[in-house]
Amino acid sequence: MTAAALASEGGASAGGFPLLTSCVVLPAVGALATALVSRRRPESSRLVATIFAVATAALTVAVLVAFESGEAGFQMVERATWIRDLDVSWHLGVDGISVFLVVLTGVLFPLAMLGAPPHHDDKPFHAWLLLLEAGCIGVFLALDLFLFFVMFEIVLVPMYFLISGWGYANRRYAAMKFFLYTAFGSAFMLVGLVATAVLHARGTGGDLTFDLVTIASDQGAIAPVTARWLFLAFAIAFAIKVPLFPVHTWLPDAHTEAPTAGSVILAGVMLKLGTYGFLRFGLYLFPEASAYFAPLLVTLGVIGILYGAVVATMQKDLKRLVAYSSVAHLGFIALGTFSLTTQGLQGSVLQMVNHGISTGALFLLVGMIYERRHTRQIAELRGLQKAAPVMAGVFTVVMLSSIGLPGLNGFVGEFLILLGSFLTRRWWAVVGAIGVILASLYLLWAYQRVFHGEPDEANAGFAEMRVREGLVMAPLVALIVFLGVYPKPVLDRIQPSVEALVAHVEDHSDYTEPPVATEGQRARSAAPAEEGGD
Amino acid sequence: MSFPATASAVLAVGDAVPFRSPALDWHALAPEAVLVATAVVVLLVDLFTAERNKWLASTLSGLGLLGALVPVITLAVDGNTRSLFGGAYVVDDFALVMKALFLVAGYVTILLSTDYIGEGDYWEGEYYLLVVSSVLGMTLMASARDLITIFVALELLSIPAYLLAGWRKRELTGNEAGMKYYLMGVFASAVMLYGMSLVYGGTGTTVLAGIGRQVAGSFGATPVAALGIVFVLVGFGFKVSAVPFHNWAPDTYEGAPTPITAFLSVASKAAGFVAILQLIFVAFYGRDEVYGPMMWVLAALTMTVGNLIALRQTNVVRLFAYSSVAQAGFILAPLAVAGDSPAVADDAIRAVVSYLLIYTAMNLGAFAVILAVSRKTRSGELDSWGGLFEYAPGLTVLMTAFLFALAGIPPLGGWFAKFQVFKAVLGAGGASAYILAVVVAVNSVIALYYYANLARLMWFQSVPDGDRSPVRVPAAINLALALCVAFTVATGFFPGLVGHFGDAATDLVAVALRR
Amino acid sequence: MSAVTRFLAVSDFLRSYLTVGIFAGVAIALVAGILGLGSLIRPTRPQASKYVNYESGVDPVGVGWSQAEIRYYIFALLFVLFDVEAVFIFPWATRLEAYGTFGAVEMGIFIGILALGLLYAWRKGVLRWL
């Protein structure tokens, strides 16, 4: 399959109804509607916000239903000119890479909203949350460099307010750190994307355009050396957002200090903006540069896996532990992405969804524990299993999914990533696999300290999971099990797009995928120790 | 025949040259004529009305500014470029766009002033007379294509501004504001005049187009030309408060009445940029190796120093003073690469004009909120902004919008301005342009810090004195806020709006390159 | 060509400045010479009363740094203003016929705006002495 297949805008169309646009606009309208509710009626603002969030979730599921598997190109493409002079358009489309991220966003927001309501100022909280959702979905759907940037930036402001308004003790520092780190990255991205468009126009001799598909298909227009610099400008923004190893330091602060709903969204959705960005604006836009920088990024990913795991082991704060586990998981996703193999990429995309579900669920659970005990210190919690067996059970499932136990969703993703990266970067994969072991170390150890043993008097009165909380956790647990047992429908939809993307990289660089990887389905069943390698 | 040649001939030999009265294009002069008439009427009305009817001055001057907008619009519809007085005064699309900007900014300033001046112990009639005179100077500046006309316009807009800056004459800070602004302004004028005299001495003409021809020719290569260009631009560097010529700005902004601070930080600054644009694109375009590096250094220094000092401010007006210094740096950036090629010149002027338009709306809006809030808190300290959301949610939301617009967060207007700057700078290419783009990028992040910090104070800090009584916002300020927020949001969503004006303004370059 | 002739040959422009320079040099030399000569040949007998400020033979009263009436300042300002404007009117008057109606209207506007200033001063009561 060639790049032409990737660029083709075929597939299912939603029969005239602008489904994707409504996915972006509806939450934004919801934010406005919530903001207009009288501030003396916090319940009704919560109700309005929930209705909009659920409706958006329904729309995203409708996107998934309308999505045709077996198609590699962008589907349901909608395009309207926005700024004529610059050829910036409202260009939305979904493919196998983005479709599940959109659904994940649609599902996680209502769950976060219901599972972790704020303690004060309901109205602005919900309004910001809905605005954040609009931005996140917009990022995943944007097919215009410019629109992507706009959405990428919109996301910042609501999250800043969520952290600094409803977070914990050290929220101001954390919020500002988050804001400045990310804004710093996006400043570079802005420079990079404007330069990309300008150089592309100069290279082709045509008019200026910001259309992602056009620029990505004219690969010859920008000199390879220049493209590497441009890739770096984008990579800085994405590396901060993911976050990759040396620029990850905002993450533990932001995740720990954010309110529970904020942490869920931050870990579940917003980190994916970076990894998704690497796929869409790294591999697709700059295939040659991606292949060139792959060793660097794979190395950073592996460092992240080990570093995140080691630091997570040392944490005394349960939430911080989960936050550092994200660094490790996202390292895996980077490893898979820059293995540049079909399996690795498939695993990465799947793992983005998995991480969103598992870590989102973990943050919800930690939030529930905090609500009851008003502490997150592992040392102060003990024997919760005795007091709350159901919660302990749910925690176990979620934790095991995060560790990557076979039969649960985390395993499928991690396995595919390791398989794919083993084909091209054997030793990195071997070192990265240590991270799986370390994950079981820190999570199981934490579980043991928190849930096992005899509860002391402070923990004896620990309340069992309520029905409402159970209803929030149920869909997440169901997804964890379903994706672990039967990932095929998901992988089938991811695969064509991913294969086309790898082919696109092959077409435009001297990288060739090892043959065993290209055999697709058959290779997956083959043992990784077989003929492979570089 | 060029203008000064005629003048000197007339002076030298009594009746050798028969005097021919210039053909006056009244349509082209109509905006200025309306403003002069407004100023006269306001003065007369002020002199012959009782104290309780002094509000008339504010209303009349507001109407006058809007009235002057009418001929601007008819001229724009007409679309012809009109050149008067031997090319010294040109009404083209660039001039019209800027005139409209000055008139609207002046109108918003009057809206902001109405209650502030009416309630305080101030002279009312004179205040509005001076605002109208200053706006007159600015509209004149937009059309001035001659060194002497530029200088006259500059003085006409500056002298009323010196007086207005010191309007709070019973307070020491007010005196300091007026005095500093006056001394620095006069010093800048002197430097500029020196530069102008060098340029005139070398070219023998004061008309910018004529200077442009000479600068592109043999005179341009002489060191005198370089010296003249640098001195003239340094003079306007003071006007736009570019670092290192910025040190009057914070004290003046703090001491001046807040509506005047808004006026100075927006309209007066824009007038300085208009002059710089005309000088660079019409007169000095051939010597980009002189003004290019100079603008590069000024832009980089201005935004960096402005931002870094803004980080440490505890007074909201001073914060905005330094932030407006930094914003001037962003506006200067495209000028550093303007000489690269005609296409880049187009982009640069588009960027500067769009930035000025959007910046005007954002900054005036922010000052409108500052005014409204300080009516209640009676304080300029940042701490007094704590918990604003609890008692003035509407103002908080508006201020947040203006702050993030200034920071360049989409989808509010500011991003398009920043984006245009990036496009112009990156379009030029080359190492120095890329470095400048990175400097701009890093600075927009630094700016985020203090904008976001103020936003956080408003939303989440507790009210410092526990006084949660609502803020009463006068109708005039409400109207000003509505205008500003409508423009800020509209340009964010439909940048074509401003882009259109930016495109229109590129005819300044067209004139420069046609010669 | 000797250095002197080459210097003198530079240009008319510089030579006219040379005249200014010579003139300035002579002036300085003359003043310095006369004052210097005076200090050499005159007798010196210092007395306290000789150091008192000279005020036309009357003994000075009070300190020198005293406030003047503010009205003097305003009057002086008005005088300077109108005096300077007169400078613009004189050259215009010499060519009045040539300028014709256009010139008359222009000057009418000029004087009209000046008169506004006077009107302002009058209404503000600046023209009254007490």
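Here a biologist questions a modeller about a predicted model with chains A, B and C.

Biologist: What should I know before reading the names and values?
Modeller: Residues are numbered from 1 along each chain as its sequence is written, and chains are lettered from A and ligands numbered from 1 in the order written. The model is predicted, so local features need pLDDT of at least 70, side-chain atom pairs count only at pLDDT 80 or more, and totals for chains, interfaces and linings use all residues.

Biologist: What makes up the secondary structure of chain B?
Modeller: Chain B has 21 helices and two strands. Helices (H or I, at least four residues) and strands (E, at least two) are DSSP runs, numbered from the N terminus.

Biologist: Why is chain B called as compact as a globular protein of its length?
Modeller: Set its radius of gyration, 22 Å, against the globule rule, which gives 24 Å for 515 residues. The two values are close, so chain B is as compact as a globular protein of that length. The radius is taken over C-alpha atoms, and the rule is 2.2 Å times the number of residues to the power 0.38. The C-alpha trace of chain B spans about 80 × 60 × 40 Å along its principal axes.

Biologist: How do you know that A:Met76 is buried or exposed?
Modeller: Count C-beta atoms, placed from the backbone: 20 or more others within 10 Å means buried, 12 or fewer means exposed, and in between means partly exposed. A:Met76 has 26 C-beta neighbours inside 10 Å, so A:Met76 counts as buried. A:Met76 lies in strand S1 (residues 75-83) of chain A.

Biologist: And B:Arg378, buried or exposed?
Modeller: B:Arg378 has 8 C-beta neighbours inside 10 Å, so B:Arg378 counts as exposed. B:Arg378 sits in the loop between helix H14 (342-377) and helix H15 (388-391) of chain B.

Biologist: What makes the phi of A:Met76 and of B:Arg378 worth a note?
Modeller: Most residues other than glycine have a negative phi. Phi of A:Met76 is near 55°, a positive value in a residue other than glycine. Phi of B:Arg378 is also near 55°, and positive.

Biologist: Which peptide bonds are cis?
Modeller: Most peptide bonds are trans. The bond from A:Val242 to A:Pro243 is cis, with omega near -5°. A:Pro243 lies in the loop between helix H10 (224-241) and helix H11 (250-257) of chain A. The bond from B:Val243 to B:Pro244 is cis too, with omega near 10°. B:Pro244 lies in the loop between helix H9 (223-239) and helix H10 (249-255) of chain B.

Biologist: How do you know that the length of helix H13 of chain B agrees with what is expected?
Modeller: The expected span is 1.5 Å times one less than the number of residues. H13 (residues 316-336) has 21 residues and should span 30 Å; its end C-alpha atoms are 31 Å apart, which agrees. H13(B) is mostly covered, with 21 of its 21 residues buried. For chain B as a whole, 61% of the 515 residues count as buried.

Biologist: How many residues does the contact between chain A and chain B take?
Modeller: Two residues are in contact if their C-beta atoms, placed from the backbone, lie within 7 Å. The contact takes 25 residues from chain A and 24 residues from chain B. H8(A) gives the most to the chain A side, with 13 residues.

Biologist: What classes of residue make up that side of chain A?
Modeller: That side has 19 nonpolar, two polar and four charged residues. Ala, Val, Leu, Ile, Met, Phe, Trp, Tyr, Cys and Pro count as nonpolar, Asp, Glu, Lys and Arg as charged, and the others, Gly among them, as polar.

Biologist: How many residues does the contact between chain C and chain B take?
Modeller: The contact takes eight residues from chain C and six residues from chain B. The chain C side divides into six nonpolar, one polar and one charged.

Biologist: What is chain C built from?
Modeller: Chain C has four helices and zero strands. Buried residues make up 0% of its 130 residues.

Biologist: Why is C:Asp59 called exposed?
Modeller: C:Asp59 has 8 other C-beta atoms within 10 Å, so C:Asp59 is exposed. C:Asp59 lies in the loop between helix H2 (12-41) and helix H3 (70-94) of chain C.
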